[in-house]
Amino acid sequence: MSTDLHPSIVALVSLAANIAANHPKQGLCQVDRLKACGVSRAQIDTVIEIARHIRDEAAQQLDASFDEACAAHFPKAANKLAAIAVAEGGACCTPTPSGKSCC
């Protein structure tokens, strides 16, 4: 049994990882590979949407965690960071803006 992944799967994972990690090259070279493998624009767009959603969700959670920790340093002062909207989600995964699941 072979454990090699199809090149299109590797390119999709790489594209998503680059986007989610805010890599400076953004995984753009993977888009050409995906097109060459016959992956549709709609499928590529779905991967991009999910990767951006995961990246943005992680940033929001980090911001909320930072705000909480920072507020602990100023327990009696007004918490100006609380005025900055940070989305909080109880679930491990929330849908993307178009309703796609990232889980």
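Here is a short conversation about how the helices of this predicted model are described and how they pack.

Student: What makes up the fold, in terms of helices and strands?

Tutor: The protein has three helices and zero strands, and from the N terminus on the elements run α-α-α. The helices are α1 (7-20) and α2 (28-36), followed by α3 (41-72).

Student: How do you know that the span of α1 agrees with the expected one?

Tutor: Set the expected span beside the model. At 1.5 Å a residue, the 14 residues of α1 should span 20 Å, and the end C-alpha atoms are 20 Å apart, so the two agree. For α3, the 32 residues should span 46 Å and the end C-alpha atoms are 47 Å apart, which agrees as well.

Student: Which residues of α1 are called buried?

Tutor: The buried residues of α1 are S8, A11, L15, N18 and I19. Buried means under 20% relative accessible area, so each of these falls below that cut-off.

Student: How do you know where those buried residues sit around α1?

Tutor: They cover an arc of only 95° around the axis, so they are on the same side of α1. There is a general background to this: an α-helix has 3.6 residues a turn, so residues three or four places apart point the same way.

Student: What covers the buried residues of α1?

Tutor: The cover includes α2 and α3. Seen from the other partner, the buried residues of α3 pack against α1 and α2. Those α3 residues are I44, V47, I48, E49, A51, H53, E57 and D67.

Student: Why is I9 called partly exposed?

Tutor: I9 is in helix α1. Its relative accessibility is 38%, and partly exposed is the class between 20% and 50%, so I9 counts as partly exposed. I9 and V39 are 30 residues apart in sequence and 9.8 Å apart in space, C-alpha to C-alpha.

Student: And why is A16 called partly exposed?

Tutor: A16 has a relative accessible area of 22%; buried would need a value under 20%, so A16 is partly exposed. A16 also belongs to helix α1. Leaving aside neighbours within four places in sequence, A16 is in contact with V47 and A51. A16 and I44 are 28 residues apart in sequence, with their C-alpha atoms 9.5 Å apart in space.

Student: What makes up the largest nonpolar core?

Tutor: Nine residues make it up: A11, L15, I19, L34, V39, I44, V47, I48 and A51. They qualify because a nonpolar core consists of buried residues of the nonpolar kinds joined through side-chain atoms within 4.5 Å. α1 and α3 are the elements that give two or more residues to this core, and α3 gives the most, with four residues. As a general tendency, nonpolar side chains in soluble globular proteins tend to be buried together.

Student: What is L15 in contact with beyond its neighbours within four places in sequence?

Tutor: L15 is in contact with Q26, G27, Q30, V31, L34, I44, V47 and I48. L15 is also one of the residues that line the largest pocket.

Student: Which other residues line that pocket, and what is its volume?

Tutor: The volume is about 150 Å³. Besides L15, the lining is made of N18, I19, N22, H23, Q26, L28, V31, I48, R52 and R55. α1, α2 and α3 each give two or more residues to the lining.

Student: What makes the phi of N22 worth a remark?

Tutor: Phi of N22 is near 55°, a positive value in a residue other than glycine. The general background is that most residues other than glycine have a negative phi. N22 comes just after α1, in the loop between α1 and α2. With a relative accessible area of 52%, N22 is over the 50% cut-off, so it is exposed.

Student: How is Q26 described in terms of phi and exposure?

Tutor: Phi of Q26 is near 60°, again a positive value in a residue other than glycine. Q26 lies in the loop between α1 and α2. Its relative accessible area is 46%, which lies between 20% and 50%, so Q26 is partly exposed.

Student: How much of the protein is buried?

Tutor: Buried residues make up 19% of the 103 residues. Among contacts between residues at least 6 apart in sequence, 57% join residues at least 24 apart.

How values were computed: Residues are numbered from 1 along each chain as its sequence is written. This is a predicted model: local features need pLDDT of at least 70, side-chain atom pairs count only at pLDDT 80 or more; totals for chains, interfaces and linings use all residues. Side-chain values use heavy atoms; hydrogens and water are left out. Buried means under 20% relative accessible area, exposed over 50%, partly exposed in between (1.4 Å probe, protein chains only). Contact means heavy atoms within 4.5 Å. The expected span of a helix is 1.5 Å times one less than its number of residues. The arc is that of the directions from the helix axis to the C-beta atoms. On a 1 Å grid over the protein atoms alone, a cavity is a set of points where a 1.4 Å probe fits but cannot get out, and a pocket is an open set with protein on both sides within 12 Å along at least five of seven lines; lining residues have an atom within 4 Å of a point. Grid points are joined across faces, edges and corners, and a volume is the space filled by probe spheres set on the points.
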